[in-house]
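Q: I would like to take a close look at one loop residue and then follow the structure outward from it. Please take the surroundings step by step.

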Amino acid sequence: MTTVGDRKPAGFEDNDQHPVGHGRMLRKEDPRFVRGRGNYVDDVQLPGMLHLAILRAPVAHARLVSIDTTAAEAHPKVKAVVTGATLETLNLAWMPTLSNDVQAVLVTDKVRFQGQEVAFVVAEDRYAARDALELIDVEYDVLDPVIDVRRALEDAAPVIRDDLEGKTDNHCFDWETGDAAATEAVFAKADVVVSQDIVYPRVHPAPMETCGAVADFDPVEGRLTLWSTTQAPHAHRTLYAIVAGLPEHKIRVISPDIGGGFGNKVPIYPGYVCAVVGSIVTGKPVKWMEDRSENLVSTGFARDYVMRGEIAATRDGRILGIRTHVLADHGAFNGTAAPVKYPAGFFGVFTGSYDLEAAYCHMTAVYTNKAPGGVAYACSFRITEAVYLVERIVDCLAAELAMDPVELRLKNFIKPEQFPYTTKTGWVYDSGNYEPTMRKAMDLAGYEDLRREQAEKRARGELMGIGVSFFTEAVGAGPRKHMDILGLGMADGCELRVHPTGKAVVRLSVQSQGQGHETTFAQIVGEELGIPPADVDVVHGDTDNTPFGLGTYGSRSTPVSGGAAALVARKVRDKARIVASGMLEVSADDLVWDKGSFHVAGDPSTAVTIQDIAMRAHGAGDLPEGYEGALEAQITYNPPNLTYPHGAYICVVDVDPGTAQVKVRRFVAVDDCGTRINPMIIEGQIHGGLTDGVGMALMEIVAFDEDGNCLGGSLMDYLLPTAMEVPDWETGFTVTPSPHHPIGAKGVGESATVGSPPAIVNAVVDALAPFGVRHADMPLTPSRVWDAMRGQARPPI
Amino acid sequence: MQVPAPFEYERATSVDHAIGLLERLGGSARLVAGGHSLLPMMKLRLANFEYLIDINDLRDELGYLDVRTDEIRIGALTRHRELLESDELAAAFPIFRDAEKVIADPVVRNWGTLGGSLCQADPSEDLSAVCTTLDGRCVIRGQSGERVVPMTEFHRGPYETAVGDDEILIEIRFPVRPRGGSAFEKVERRAGDWAVVSAGAAVWLLDDGRIADARVGLAAVGPNTTALPEISAALTGREPSEELYDEAGRLAAQGCRPESDMRGSEEYKRHLAGELTKRALRRSVERARERG
């Protein structure tokens, strides 16, 4: 069953409805942020705390000849200077990445990307630490870098990873999915085959808060407390235990308020390890906060896929198959943060929302002299790349067939009766009802009128484009048997305790970076227990105070921890039923639940509320036989499948024929994320993701020159969109619940980032159709659009 | 957080005090007003100065807009925001308001100054193009008195000006002539970004509608903002027309010296120099005609 709706732009008056459970309400965490009472890692101040700064390599590829730290050590405020050689003596010079590769904490042998960590200084203040970096004298023997991903596997290419035994090339991995032979067969019989080279350039998450940590090692207790910017505190704690050899119960990882993550704060960075080492060697708490440039040049990037997409169809527009070859740039170390059995993340969903006969992908990943990473930035584990590929290539097919792109999509959608639908690459889409979502978007946009307006404008020489995208995401990893990070299964715990007065505290394994967990999870519990969300405190981000779980990324908090929160609340409700049966002196089976209270069947006047029950459960009165007391429960939720949200986006652009500037005039986004817990928070997530999409489509790229110098090392060079570049977002929704999720919810945090870039690029390409343009790669800066208008569209790398 | 190297800081109490400090400290000192270019460069450690002399207290001496019938004088400490909001300035030279709307963002405009913009001498800086277009005269003061330098001689190369180590730019003067109109056009990748290319134009009409004089100034297409005297020569005495704007655009595209970078290719920038010159001239003429 799918329901449909939309929300007209309005004020905020209807955003605080004080719901008992799901509904529109203001975020509980916001008063602390708007009043400057947030507590971020950089707000942490400890007595005697020292400050750490990292010396970074100025070149992309160089053998380390020597480091002289004498002058830095002589600086009056410097407490320690540590190099790779020092770390080698502690066996900490290298650390595992989340993809079973290794990464240097500090360079011991060779610099492998510009901005790589070479040494660090611990000093009395941040200024002295930074000043002392300039006193370290490093001699480099500069080597030829590997920058062009297309040339990384040439015989003559320098070998970057000579630290790996027997490594003689820059090959990282090969991966394939689907059926090559079956796909070849459908391509052979197809009336029409269209192929297109498509680049998704390297971009950066650029969270407002950069990465950092405060490490406090207590040498007496042997206990490490680490405040750090992490999206996955529990997973990080386990990895620190493994890497540093510290006993896990002596490590406490605290992720306080986090100023945006977008995947950038999933990996463990060398800086975190340096902070820990710094605290161990000085015996003092040590703070490390990277600056903006360090964040941009050295931390987890996203995308960087060079793709060739091919699509096969009948002349009347029936899509038969999709085939793709991908060259993936993983940088100097494979730092991809994805379930280990999925080296390309969930790119396998590149078949999109369409019912195909066959599909196949072959991917080759390589090392280059660039910063490591690979999965980050609101991408749902590479679904961003997959959706961009399929939605671009479907538009190319529509152009080839001279068919309206909406009509082509409608014709090929997976039908509602086909769900659960197993794709040709093995993904089981849980639920979906695509056509109403597409129709809703067309209604909101006034699609037919827009096409008429476009025809009139084209006749006058004006350039107007209408772009459509339709996406299906796979979010909410696990189940644990298929998905793990370095052996840690992707399931999440949850604890709920109802206090005697009926107020509650729920403890989560996931961590908010701005998603509004303190509100959403209070609402989930409130809905199940029938108490106001204001009465539910949400505790998260502290491994000593929360149950184990894998953290927040890949839009997994609501699909996984949301399920856990609902189930743990139901478990508490079941206990409450037992207590209530004692209070009302009837069998538990004779009680009726009425959102917040139990009453005897047929007699509502007998109701006892959750608050009454909580007091009884903690009180001196009798409790039913076998009931120990208190009102609390604990659970670990292992999701049976991913959830598959979908959406239809329509973008309208105007291109200035004289300057080639693109103006996004309108953007309609209709999302289906199943059950909607707090529509205001969902809309906020959508607005943010759409803005991200405008950035990637029009301006963002981490580029390198031929020497491997990063050309995006500041926010004057790496452009992020502002309110000036985006229109008033027009949003709508349909609701197709997930059949396996306890409350039918699907993840939504990354939907708009996934779905919007193809809509914008499709719109620009549509605007340029009079010039015969079929494709142009992002970022569509004025200069690059002008090239496309003149038939000289070029890949950005 | 990016942190600068150590430096000493002093607040000047008068222009003479500031000049005295500059004379004593020489090239190791720098004036700071808005600081929106200087401080980021120091934090990135691209620039290291031992002394900063803060002139923000010198509003009485340096922060003013003096509009006269034949000349407008603007103190070097006048903020972008004041230039944006002055109706008198917009009436005489609408190019200022056009430009100020697209320079950086409100936070920068609240602090950044006219003098700072000119002395930074960034080849992509919009206000420098405005001053070039309007044939501004820069008043520079030192221990030995004042001298006046035309905009064409003020910039000596990227980030270099005619202002000596012990001197201060105190004022910029613009001649006001009858039947004038001006306009500014900019293409940027994103609001607040430096120009890919920007173009200012100013025209003055004769009573019969022909062009008495015209000037064009371009930013981001050469080592400094570029005045194009050949355009002035080509337009003077001519009847305004689309063909004439096209001709001026061609001259602008030919006469500039852009380089390819992340903002755009050399070819595109030449195209923009032409396109924006045409647009700015067209609007300038419309405005001159509206004023009668």
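Leaving aside its neighbours within four places in sequence, which residues is Thr108(A) in contact with?

A: In this predicted model, Thr108(A) is in contact with Gly84(A), Ala85(A), Glu88(A) and Ala93(A), once its neighbours within four places in sequence are set aside. The residue sits in the loop between strand 6 (102–104) and strand 7 (110–111) of chain A. Thr108(A) counts as partly exposed because it has 17 C-beta neighbours inside 10 Å, whereas 20 or more would be needed for a buried residue and 12 or fewer for an exposed one. Between the C-alpha atoms of Thr108(A) and Ala119(A), which are 11 residues apart along the chain, the separation is 9.7 Å.

From Ala119(A) one can pass to the sheet. Strand 8 of chain A covers residues 117–123 and runs antiparallel to strand 2 (residues 50–56) of chain A, the two being joined by six bridges. Within this pair, Arg56(A) has Glu117(A) as its bridge partner in strand 8 of chain A. Both strands belong to an open sheet of seven strands in chain A, whose order is 4-8-2-15-12-13-14 and whose pairing is mixed. At its edges lie strand 4 (78–83) and strand 14 (251–254) of chain A, each of which pairs on one side only, and the average twist from one strand to the next is 20 degrees. Helix 6 (residues 233–244) of chain A packs on this sheet, where it touches strand 13 (223–228) and strand 14 of chain A, and the direction of the helix makes about 145 degrees with that of strand 14 of chain A.

A second sheet of chain A offers a useful counterpart. It is an open sheet of five strands in the order 10-19-18-17-11, again with mixed pairing, and its edge strands are strand 10 (171–178) and strand 11 (192–200) of chain A, each pairing on one side only. Here the twist averages 10 degrees from one strand to the next. Strand 10 of chain A runs antiparallel to strand 19 (residues 358–366) of chain A and is joined to it by seven bridges, with Met363(A) in strand 19 of chain A as the bridge partner of Trp175(A). Packed on this sheet is helix 5 (residues 180–189) of chain A, which touches strands 10, 11, 17 (305–313), 18 (319–329) and 19 of chain A, and whose direction makes about 120 degrees with that of strand 19 of chain A.

For the wider layout, the domain assignment of chain A gives domain 1 (41–143 + 210–258 + 265–298), domain 2 (301–477 + 641–789) and domain 3 (492–637). Taken over C-alpha atoms, the centres of domain 2 and domain 3 of chain A are separated by 39 Å. Their contact takes 19 residues from domain 2 of chain A and 16 residues from domain 3 of chain A, and the side contributed by domain 2 of chain A divides into nine nonpolar, eight polar and two charged residues.

Further along the chain there is a parallel pair to set beside the antiparallel ones. Strand 27 (residues 504–508) and strand 28 (residues 536–539) of chain A run parallel and are joined by four bridges, and the bridge partner of Val506(A) in strand 28 of chain A is Val538(A). In a regular strand the side chains alternate between the two faces of the sheet. Strand 28 of chain A has Val536(A) and Val538(A) on a covered face, while Asp537(A) and Val539(A) are on an uncovered one.

A second threonine makes a fitting contrast with the starting point. Thr736(A) lies in the loop between strand 35 (729–735) and helix 17 (751–767) of chain A, and it counts as buried because it has 26 C-beta neighbours inside 10 Å. Its contacts, leaving aside neighbours within four places in sequence, are Thr2(A), Ser431(A), Gly432(A), Asn433(A), Asp672(A) and Gly674(A). With Ser431(A), the C-alpha separation is 6.9 Å, although the two residues are 305 residues apart along the chain.

Finally, the largest nonpolar core has 326 residues, among which Val121(A), Val525(A), Val764(A) and Val197(B) touch the most other members. The largest share of this core, 12 residues, comes from helix 14 (residues 557–584) of chain A. As for the two chains, 18 residues of chain B are in contact with 23 residues of chain A, and helix 13 (residues 266–291) of chain B gives the largest share of the chain B side, four residues.

Notes: Residues are numbered from 1 along each chain as its sequence is written. Chains are lettered from A and ligands numbered from 1 in the order in which they are written. This is a predicted model: local features need pLDDT of at least 70, side-chain atom pairs count only at pLDDT 80 or more; totals for chains, interfaces and linings use all residues. Two residues are in contact if their C-beta atoms, placed from the backbone, lie within 7 Å. Two strands pair if DSSP finds at least two bridges between them. Axes are lines fitted to C-alpha atoms, for helices over the stretch in contact, and angles run from 0 to 180 degrees between N-to-C directions. Domain bounds come from an automatic or database domain assignment. Ala, Val, Leu, Ile, Met, Phe, Trp, Tyr, Cys and Pro count as nonpolar, Asp, Glu, Lys and Arg as charged, and the others, Gly among them, as polar. A nonpolar core is a set of buried Ala, Val, Leu, Ile, Met, Phe, Trp, Tyr and Cys residues joined through C-beta atoms within 7 Å.
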